[in-house]
Amino acid sequence: MVQAMTAQAAGKDGFIAALDQSGGSTPKALKLYGVEEGAWSDEAGMYDLIHQMRTRIIKSPAFTGDKVMGAILFEQTMDRDVDGTPTAQYLWEKRGVVPFLKVDKGLADEKDGVKLMKPMPELDALLERAVAHGVFGTKMRSVIDAANPAGIAAVVAQQFEVGNQILGHGLVPIIEPEVTISIADKAEAEDILLAEIQKNLDKVPAGKQIMLKLTLPTKANLYKPLIDDPRVMRVVALSGGYSRDDANAMLAQNDGMIASFSRALTEGLSAKQSDAEFDAMLGSAIDSIFEASRKA
């Protein structure tokens with residue numbers, strides 16, 4: 001199973017669907033889906049609704065490994081079922097989609113123009129559960145808000161340190177140092193980020209690989225050296241607030257980079273749509289993101 005997942009994650013055409021909105025971003029994701037905040041009375045009810053949305057996406061005829069190479073799950077989604085089958089198992093066995101798990105616990109306060117990840121004292125226990133669920137890899141996010149060399153160095157060092165902990169459990173970490181798309185010095189921040197990642201790749205143990213999830217760069221093909229590095233299994237792009245059309249257009253200019261979109265994937269989906277309308281809208285989104293990933 002791991003061998004088949006590795007082959008798909010490393011080489012198959014397609015993209016990674018990011019279905020991992022957690023606590024803070026869940027109300028916004030539900031609102032975009034047409035579910036207003038009064039629709040749930042407590043956090044459990046909110047998570048029930050987002051699981052219904054994710055289940056609808058996962059079970060849609062268009063959502064298969066033919067075009068969706070992998071999917072990133074939130075911890076509560078991993079712990080839940082789809083039609084009586086644990087979600088990660090359902091993704092791989094019924095849809096042919098490689099399951100990943102978001103493992104970070106959110107962001108610390110900004111310092112040196114960046115937001116590091118909050119401490120994760122329970123990470124080893126979570127990773128053991130992920131392995132038991134048949135998860136292939138993980139994802140964790142930090143944020144870069146300025147071209148601050150000290151801050152960016154700290155973000156990348158933390159990501160690789162935790163990445164090695166994840167590799168120790170036999171999982172493939174997706175390292176995600178997101179550069180905010182609206183900052184004035186985005187291109188400069190990306191140059192610093194590239195240099196720091198290249199430096200830290202030397203920490204990857206022999207015979208192991210990581211994945212990288214990066215903001216679509218201002219300079220096309222900036223990250224090509226990372227795509228070509230044997231220690232990097234795949235470089236995937238986050239949409240970061242760009243519309244789907246803009247994200248697809250930028251992605252198509254970056255050779256070898258594939259999408260890992262969240263909001264840009266679910267753009268236009270609504271709880272109020274009939275199944276036929278929902279499936280048609282999702283199918284069209286998947287087709288467009290797949291084509292942009294394949295062109296890249």
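**Notebook: helix H8 and its surroundings**

I began with helix H8 and listed its buried residues: Lys-186, Ala-189, Glu-190, Leu-193, Leu-194, Glu-196, Ile-197 and Asn-200. I note at once that the model is a predicted one.

I then looked up what these buried residues of H8 pack against. Three strands appear in the result, namely E7 (137–144), E8 (172–179) and E9 (210–215). Two helices, H7 (149–167) and H9 (224–227), are also among the partners.

Does the length of H8 agree or disagree with the span expected for its 15 residues? I found that the helix covers residues 186–200 and should span 21 Å at 1.5 Å a residue. The end C-alpha atoms are 21 Å apart, so the two values agree.

**Entry: the whole protein**

I turned next to the overall fold and recorded 12 helices and 11 strands. Along the principal axes, the C-alpha atoms fill a box of roughly 50 × 40 × 35 Å.

I checked the radius of gyration against the rule for a compact globule. For 296 residues the rule gives a value near 19 Å; the protein has 18 Å, and therefore I entered the two as in agreement.

What share of the 296 residues is buried? I noted 54%. For the accessible surface I wrote down about 11,900 Å², with 50% of this area belonging to carbon and sulfur atoms.

I also looked at how contacts are distributed along the sequence. Taking contacts between residues at least 6 apart, I found that 73% join residues at least 24 apart.

The charges were my last item at this scale. I recorded 32 positive and 41 negative charges, whose mean positions lie 2 Å apart.

**Entry: Thr-26**

I located Thr-26 in helix H2, which comprises residues 26–32. Its relative accessibility is 0%, so I counted Thr-26 as buried. Setting aside neighbours within four places in sequence, I found Thr-26 in contact with Gln-21, Met-46, Tyr-47 and Ile-50.

**Entry: from strand E3 to helix H5**

I followed the chain from strand E3 (81–82) to strand E4 (85–86) and found Asp-83 in the loop between them. Is Asp-83 buried or exposed? Its relative accessibility is 56%, and Asp-83 therefore counts as exposed. I marked its phi, near 50 degrees, as a positive value in a residue other than glycine. The reason for marking such cases is that most residues other than glycine have a negative phi.

In strand E4 I looked up Thr-85. With a relative accessible area of 15%, Thr-85 is buried. Not counting residues up to four places away in sequence, I listed Arg-80, Tyr-90 and Lys-94 as the residues that Thr-85 touches.

One of these, Tyr-90, is itself among the buried residues of helix H5 (residues 87–95). The others I listed for H5 are Thr-87, Ala-88, Leu-91, Trp-92 and Arg-95. Just after H5, I noted that Gly-96 takes a positive phi of about 70 degrees.

**Entry: Asn-221**

I returned to the region of H8's partners and found Asn-221 in the loop between E9 and H9. Asn-221 is not a glycine, yet I read a positive phi of about 65 degrees for it. I classed Asn-221 as partly exposed because its relative accessible area is 28%, and the partly exposed class lies between the limits of 20% and 50%.

**Entry: helix H10**

I looked up two residues in helix H10, and began with Arg-244; this helix covers residues 244–251. At 10% relative accessibility, Arg-244 counts as buried. Which residues does Arg-244 touch, not counting those up to four places away in sequence? I listed Ala-264, Leu-265, Glu-267, Ala-285, Ser-288 and Ile-289. I also took the C-alpha distance from Arg-244 to Ala-195: these two are 49 residues apart in sequence and 28 Å apart in space.

Met-250 was the second residue I looked up in H10. Its relative accessibility is 19%, under the limit of 20%, so Met-250 counts as buried. Leaving out residues up to four places away in sequence, I found that Met-250 touches Leu-216, Pro-217 and Tyr-242. For Met-250 and Lys-139, which are 111 residues apart along the chain, I noted a C-alpha separation of 22 Å.

Technical notes. Residues are numbered from 1 along each chain as its sequence is written. This is a predicted model: local features need pLDDT of at least 70, side-chain atom pairs count only at pLDDT 80 or more; totals for chains, interfaces and linings use all residues. Side-chain values use heavy atoms; hydrogens and water are left out. Helices (H or I, at least four residues) and strands (E, at least two) are DSSP runs, numbered from the N terminus. The radius of gyration is taken over C-alpha atoms; the globule rule is 2.2 Å times the number of residues to the power 0.38. Buried means under 20% relative accessible area, exposed over 50%, partly exposed in between (1.4 Å probe, protein chains only). Contact means heavy atoms within 4.5 Å. Accessible areas come from the Shrake-Rupley method with a 1.4 Å probe; for residues, only the protein chains shown count as cover. Lys and Arg count as positive and Asp and Glu as negative; His and the chain ends are not counted. The place of a charge is taken as NZ of Lys, CZ of Arg, CG of Asp or CD of Glu. The expected span of a helix is 1.5 Å times one less than its number of residues.
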